[in-house]
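Work through the exercises below with the model open. Each task is followed by a stepwise solution.

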Amino acid sequence: MTDRLTIRRPDDWHLHLRDGAMLSAVAPHTARDFGRALIMPNLVPPVTDMTAALAYRQRIQNATKGFDFTPYMALYLTEDTSPETIRAAAADDAVIAVKLYPAGATTNSASGVRHIDSVMPALEAMAETGLPLAIHGEVTTDSVDIFDREKHFIDEVLDPLRQRLPQLRVVMEHITTEDAAHYVSSSDTGLAATITVHHLMITRNHILAGGIRPHYYCLPVAKRSRHRDALIAAAVSGDPRYFMGTDSAPHTDHAKLSPCGCAGMFTAPVAMACLAEVFSGQGHLDRLEGFASVFGANFYGFSPSEQTITLRRHDTPVPVTPIIEADGDQVTVFDPMTPVHWSVEVEAEKKA
Ligand code: DOR
Ligand code: ZN
């Protein structure tokens with residue numbers, strides 16, 4: 001059995017870093033293992049224009065000094081986003097996507113999109129300039145069951161939109177269903193999807209069976225095992241339309257462990273170790289590099305990194321630090337509830 005695997009330095013194409021003290025606490029965990037990341041704009045207030053995006057980018061660079069890490073920004077699409085804002089974003093290398101949150105779909109999405117017609121001028125400018133749209137693909141209709149919201153979004157919003165604007169490049173973010181995987185796999189050009197590490201490892205049982213576990217609550221919510229299996233099959237398939245976006249989304253334990261807890265899991269510190277566990281469990285370690293380090297870079301027009309990281313397999317499961325301190329509180333690190341035998345080798349180990 002392989003006990004060391006060296007791959008090009010991976011990228012995280014969907015990441016929440018927050019701001020202020022939380023940013024300083026969490027960003028180094030990503031910058032240690034990843035070369036680039038696409039930073040989500042759902043701050044309060046949201047990152048809706050170039051001035052805010054470039055200022056936020058600078059704060060991230062300050063928080064990751066000394067690491068081989070470059071943040072790229074996504075602008076937050078609102079019903080007021082003008083085609084001029086889109087053209088300015090498309091002309092600046094720092095911004096590589098625009099994020100569509102249906103209003104009310106998730107954390108800090110209140111300024112998001114209520115009706116797709118209201119953002120057509122902005123989307124048309126994106127189609128013209130080639131700036132990709134990163135979509136949180138869930139309807140928010142109260143009457144639609146939360147486990148069905150992704151499928152409804154594909155049928156009612158995404159597919160009609162893609163027919164209306166075939167030139168628009170779309171990333172369906174953090175897909176959670178076999179319906180989404182089937183939709184992506186059977187599409188022609190212009191559609192890709194990110195898959196998170198946690199959706200490859202957990203099902204809704206982690207949240208609800210044997211007691212309610214708020215740390216496993218995220219959006220889109222984890223589904224039944226049939227869907228997780230479809231995501232695993234897509235991730236290890238070697239199909240370049242699927243690439244990693246961790247959606248690592250830290251919240252303090254105070255905010256998670258509440259009668260109305262926040263959605264999101266802090267996976268960044270363990271993402272690559274967990275991913276190696278999933279790919280080795282499928283007998284497809286050879287395809288980890290494509291998923292984590294190549295396909296996303298290619299989609300966004302970058303060359304894959306010339307740097308490498310080495311993952312090491314241990315005979316006994318590797319314990320991880322379960323909690324980090326941030327913002328005067330604690331943030332719990334994702335625990336997949338299954339043994340993980342991999343770790344990212346650090347400099348000291350390499351020299352040993
Ligand atoms: O679980 C999630 N957390 N899903 C999202 O879409 C947003 C994220 C967050 O920002 O906390
Ligand atoms: Zn997200």
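**Exercise 1.** Locate ligand 1 and say where it sits.

Step 1. Ligand 1 sits in the largest cavity. A cavity is a set of points, on a 1 Å grid over the protein atoms alone, where a 1.4 Å probe fits but cannot get out. Sitting there requires more than half of the molecule's atoms within 2 Å of the grid points.

Step 2. Note the conventions. This is a predicted model: local features need pLDDT of at least 70, side-chain atom pairs need 80 or more, and totals for chains, interfaces and linings use all residues. Residues are numbered from 1 along each chain, ligands are numbered from 1 in the order written, and side-chain values use heavy atoms, without hydrogens and water.

**Exercise 2.** Describe the shell and polar contacts of ligand 1.

Step 1. Around ligand 1 there are 14 residues (a heavy atom within 4 Å). Arg-18, Asn-42, Thr-106, Leu-219 and His-251 are the closest.

Step 2. The shell holds four nonpolar, eight polar and two charged residues. Here Ala, Val, Leu, Ile, Met, Phe, Trp, Tyr, Cys and Pro are nonpolar, Asp, Glu, Lys and Arg charged, and the others, Gly among them, polar.

Step 3. Polar side-chain atoms of His-251 and Thr-106 lie 2.7 Å and 3.0 Å from an oxygen atom of the ligand. For Gly-264, a backbone N or O atom lies 3.3 Å from an oxygen atom of ligand 1.

Step 4. Alone, ligand 1 exposes 290 Å² (Shrake-Rupley, 1.4 Å probe), and the protein buries 100% of that.

**Exercise 3.** Which protein donors hold the zinc ion (ligand 2)?

Step 1. Collect N, O and S atoms within 2.8 Å of the metal (3.2 Å for Na, K and Ca). His-14 (NE2), His-16 (NE2) and Asp-247 (OD) qualify, at 2.0 to 2.1 Å.

Step 2. Their spacing along the chain is H-x1-H-x230-D.

Step 3. Both His-14 and His-16 are buried, meaning under 20% relative accessible area, with exposed over 50% and partly exposed in between (1.4 Å probe, protein chains only).

How values were computed
A polar contact is a pair of N or O atoms within 3.5 Å; within protein, one must be able to donate a hydrogen and the other to accept it, and residues adjacent in sequence count only if both atoms are side-chain atoms. On a 1 Å grid over the protein atoms alone, a cavity is a set of points where a 1.4 Å probe fits but cannot get out, and a pocket is an open set with protein on both sides within 12 Å along at least five of seven lines; lining residues have an atom within 4 Å of a point.
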